Structure formats: C-alpha cells, structure tokens
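Please look over the sequence and the structure shown here before reading on. The briefing is written for a reader who has not met this structure before.

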Amino acid sequence: METKSAWLKYDEAGKKEIFFFNEGYKAFLSKCKTERECVTEAISQAEKLGYKNLSDIIENGQILQAGDKVYANCMGKALAIFIVGKASMEKGMTILGAHIDSPRLDLKQNPLYEDGGLAMLDTHYYGGVKKYQWTALPLAMHGVVAKKDGTIITISVGEDEHDPVFGVSDLLVHLSATQLDKKGKVVVEGEDLNLNVGNIPSLDEKEPVKKAILQIIKEKYGFEEEDFLSAEIEIVPAGAARDYGFDRSMIMGYGHDDRVCAYPSMKAVFDLGESKEPVPERTVLCLLVDKEEIGSVGATGMQSRFFENTVAELMNATGTYTEIGLRRALANSKMLSSDVSAAFDPNYPDVMEKKNAAYLGNGLCFNKFTGSGGKSGSNDANAEYLAEIRKVLDAEHVSWQTCELGKVDQGGGGTIAFIMAKYGMEVIDSGVAVHNMHAPWELVSKVDVYEAYMGYLTFLRNIGL
Ligand code: MN
Ligand code: MN
C-alpha cells in the first residue's frame, strides 16, 4: 500500500492551520527540554483550562462527575491528564501515552573538577546516544538542585541569547589520526563527555578555576559544591527549535523524541475538553511518562504503579472503585502508545525496507510491532484493533501510514506499549516519523505533527464506541 504526502490534502487555509499548530509545538519544544519542564508546562496549561489536581480532590473528599477535568502529577516528572467520561470507568478508558524524557548528558553526583586551567563538569549520558554527536556544539544546563533545607533551586542556563553556553570539546582533525581509525562507538567515549564551564582562576593556590566557578554558582544560584550530590542537572542542546527547509515544512529541534507525540496528545485531550465539545463517552487520558529512554524504570517510568494507582484513585473519586472494577477499567481500555518512528532517509536507504518504511510528510505512523531480532521486546498489536483504528481514521480522512523500525535484523527499539499491554488492554505503537532520532537536533515534518494531533483527536472521539 502506497501512502501519499499529507500536504497534498491541504489548500492555503489548511496549510496556514498546520503552520499555526506547529508554532505552538515549537514554543513547547523550545521551552520544555526536560521531563520536569514538560510536566510544569503541561500543568500550567491544564490549570488555565480548569483541570484540577487529583490530590486536592482526594484531600477534600470531592466526588467527580462526568465532564470533570483532573490531572495527577507524579513527582514532577510524569503526568496523567483525565476527562471523566459519561460511561462507567469499568467500560475502559481511551488513552494517549507518550514519553517526555529525551537522550541527553546528566551531571554526575560529584561532577566538578579542574584540569588544564579549565573548570569541568563530568557527565553520564542518558539514553541511546552516538557520543561523538555531543561534542563541539552549544549546550545548555537545565535541572534542579535540592538542598538539605528543603529548597529546590531551578536551573536553566544557555537558552536566552544573552546566556553563556557550555560544551564538550572535540579533538582537532589535525591530531585525529589515531582517533579516526577507531570504531564509531569509541571515537568519543562516555567517560570523556566532560563539560567545559570556565577558565578564569581565583587567587586560591589549589584548583583556582574550580573555586572561582563555585563562587559564581554560589552568588548566582545559591548553592554549594556538595549540593550537586542531590541535584538532577541535564545537559541538552542550547537554543530554540527552528523551521527547516526553504518551504519551512519541517522543524529541527531537540527532543522531538518524544515530545512530538506528547504535545499533540496533550492538545488533543485539552481540545476534547473544550466546552463546545460534548462530554466524552469513555474517560479519556493523556499519559506523559519519564524514563522511557532507559527502560521505563523508576517511580516516574511506565513500569511504576503510578498509572494503576492513579486510575484506582480516579475511580474512587468517582465513587465507583472496586478491585474488579479497576481490573476491568484497565483491561477494557484502548490506547495509542505514541513514540517516534524512523522516517526513510535518502542518505541511508540501505537500512530501510521501502514498502514498510515511514516517510516524512505521509502522516501519523502505526507500528503494529517494534522490537528487534524477530520482534523481541515488541507489543505486536492485534489485527482487530488495527482494523478499528483504520475505520475510525479513514472516516475522518486522517493521513496515516504503517511502518517498521528499519529492515529485519538491522537493529530495532522498544516503547512503553508492551507495559500497558500487560493489563490486557488493546494498545498499538503510533507516532510521528523523524530523521536524526536521538541526535542533538532531530527533524520532523509539520504536517505529521498536525496529522498526529488530528489522529489523536479522532481516536479520542470515536474509538471503542
Ligand atoms: Mn521515544
Ligand atoms: Mn528514543
């Protein structure tokens, strides 16, 4: 089955709408470079639209009704946004899920040292990265420092044009004879991803540059060296997302994986909750999770009980919680587990099987299965569920394509889909195709972002009815 460019569907007014939607996405992507920043921004947008914090509802013993809008914040790094539906929750929810963590460099717990007259910060990379891609480019620092007295200091340096930036040096080509003979994997090694953060010495005899940098940190940000011990500071590419191509059809930005699915998922739920829309039949949920890039681990990753506990709390707040009711709500749910797909790249055609590759501009992607080495680690969605999705999306003329992550035995990858499938719900991998996946600057087509949004909205309105 050949798919066509989704751009062909749109006249000038339609293209204007696509570009307008993507301005919102670009702003989100430029502003939210960490999972915490995504959660903060999503809550801020949700509250403006009347969403209430589920923990306040619980504390006040309030009873939720159909049409009520709530969110549940998991440690500031994962978020569930609900609209309570008219039907009993036992009938199942309609769920959009995506992850909001992205590959990056994390500061170590004891990061700061001095060498060669430079103050340096040692990092440990997060997620799957080609390490050589993270040298010789402007990097920004985002995160939090938690002090013993309970205060949390928020750090964001390198995004404003007047801010300084940081960076990992690369070896000059003139002296790279040995390095360039190495395998790509070890051209730049993980332990060598050290960030240069300063050069002016203090008058101290020992580690004068490091001391001077600590003085600046203390004055500007109010913390001491030992506070790095309880900090989460992420080093990410500095700068805003930008239009790409003469026709401005694409966006280059950091962290499309997976904010390019998170943003339209969140927007679709928000727009469904608008007063002109009827109250949805089934309870809808946008789930934004952390730690996907390192196996969905931890309390804020998809493997945590946060999701299940939150659904139990929500049922309880609607006055319908029972253990069997919860199990039914989970099993009867239907989900799009959204994550980026690899788009066909004319520079690297050999890793793709053209009939089953995603193409930039051809719409929302569906991966029946992901995984590697004979679908290992995959969810492999049910044919019946795919048929239901085809029917619903085609009725609304949403552009979509099916795809695989590259040729058989070329590599592969996993998502959160198989974790949700454990509840016995219908779930399929969907999402937006990208170039440069996991590189500092990734690329998407604006029409795919828009088709994702339209597809998600259509899914929420029509699936499971
Ligand atoms: Mn992803
Ligand atoms: Mn990824």
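What follows is a short set of lead sentences and then bullet points grouped by topic.

The structure is a predicted model, and the points below should be read with that in mind. Two manganese ions, ligand 1 and ligand 2, lie 3.1 Å apart and are bridged by Asp-257. Elsewhere, the count of salt bridges comes to 29, and Glu-23, Lys-26, Asp-243, Arg-248 and Lys-446 are linked in a network of such bridges.

**The two manganese ions**

- The manganese ion (ligand 1) has as its protein donors His-99 through NE2, Asp-257 through OD, and Asp-339 through OD, the last of these being listed twice, at 2.1 to 2.5 Å from the ion.
- Along the sequence, the donor residues of the manganese ion (ligand 1) follow the spacing H-x157-D-x81-D, and the pair Asp-257 and Asp-339 links distant parts of the chain, with Asp-257 in helix α6 and Asp-339 in the loop between β14 (334-338) and β15 (341-342), 82 residues apart.
- The manganese ion (ligand 2) is coordinated at 2.0 to 2.5 Å by Asp-257 through OD, by Glu-293 through OE, listed twice, and by His-438 through NE2.
- For the manganese ion (ligand 2) the spacing of the donor residues in sequence is D-x35-E-x144-H, and here the pair Asp-257 and Glu-293 links parts of the chain 36 residues apart, Asp-257 being in helix α6 (residues 256-272) and Glu-293 in the loop between β13 (283-289) and α7 (306-317).
- Asp-257, which coordinates both ions, is buried, as is Asp-339, and Glu-293 is likewise buried.

**Asp-429 and Asn-367**

- Asp-429 belongs to strand β20 (residues 426-431), while Asn-367 has its place in strand β16 (residues 364-367).
- Although Asp-429 is buried, it has no salt bridge, and the nearest side chain of opposite charge, that of Lys-368, is 10 Å away.
- The side chain of Asp-429 does make a polar contact of 2.5 Å with the side chain of Thr-415.
- Neighbours within four places in sequence aside, the residues in contact with Asp-429 include Ser-337, Cys-365, Phe-366, Asn-367 and Thr-415.
- Asn-367 has a relative accessibility of 5% and therefore counts as buried, and its side chain joins that of Ser-341 in a polar contact of 2.8 Å.
- When residues up to four places away in sequence are not counted, Asn-367 touches Ser-341, Cys-403, Glu-404, Leu-405, Ile-428 and Asp-429.

**Salt bridges**

- Asp-243 and Lys-26 meet through their side chains in a salt bridge of 2.7 Å, N to O; because Asp-243 lies in strand β11 (residues 242-244) and Lys-26 in helix α1 (residues 12-31), this pair ties together parts that are 217 residues apart in sequence.
- Of these two partners, Asp-243 counts as partly exposed at 22% relative accessibility, whereas Lys-26 is buried, with a relative accessible area of 11%.
- Glu-308 forms a salt bridge with Arg-327, with the closest N and O atoms 2.9 Å apart, and the pair links distant parts of the chain, since Glu-308 is in helix α7 and Arg-327 in helix α8 (residues 323-331), 19 residues apart.
- Glu-308 also forms a salt bridge with Arg-305, where the closest N and O atoms are 3.7 Å apart.
- The relative accessible area of Glu-308 is 10%, so this residue is buried, while Arg-327 is partly exposed at 33% and Arg-305 counts as exposed at 56% relative accessibility.

**Helix α11**

- Helix α11 (residues 446-462) has 17 residues and reaches 24 Å from its first C-alpha to its last, which is close to the 24 Å expected at 1.5 Å a residue.
- Because 14 of the 17 residues of α11 are buried, this helix is largely enclosed by the rest of the structure.
- Just after α11 comes Gly-464, which takes a positive phi of about 75 degrees.

**An exposed loop residue**

- Tyr-348 lies in the loop between β15 and β16 and is exposed, with a relative accessible area of 57%.
- Computed from C-alpha to C-alpha in the model, Tyr-348 and Lys-147 are 47 Å apart in space, and in sequence they are 201 residues apart.

Methods. Residues numbered from 1 in each chain as written. Chains lettered and ligands numbered in written order. Predicted model: local features only at pLDDT ≥ 70, side-chain atom pairs only at ≥ 80, totals over all residues. Heavy atoms only, no water. Helix = DSSP H or I, 4+ residues; strand = E, 2+ residues; numbered from the N terminus. Expected span 1.5 Å × (residues − 1). Buried < 20%, exposed > 50% of the residue type's maximum accessible area, 1.4 Å probe, protein only. Donors = N, O, S within 2.8 Å, 3.2 Å for Na, K, Ca; no water. Lys, Arg positive; Asp, Glu negative; His and termini not counted. Salt bridge = Lys/Arg side-chain N within 4 Å of Asp/Glu carboxyl O. Polar contact = N/O pair within 3.5 Å; in protein donor to acceptor, adjacent residues only side chain to side chain. Contact = heavy atoms within 4.5 Å.
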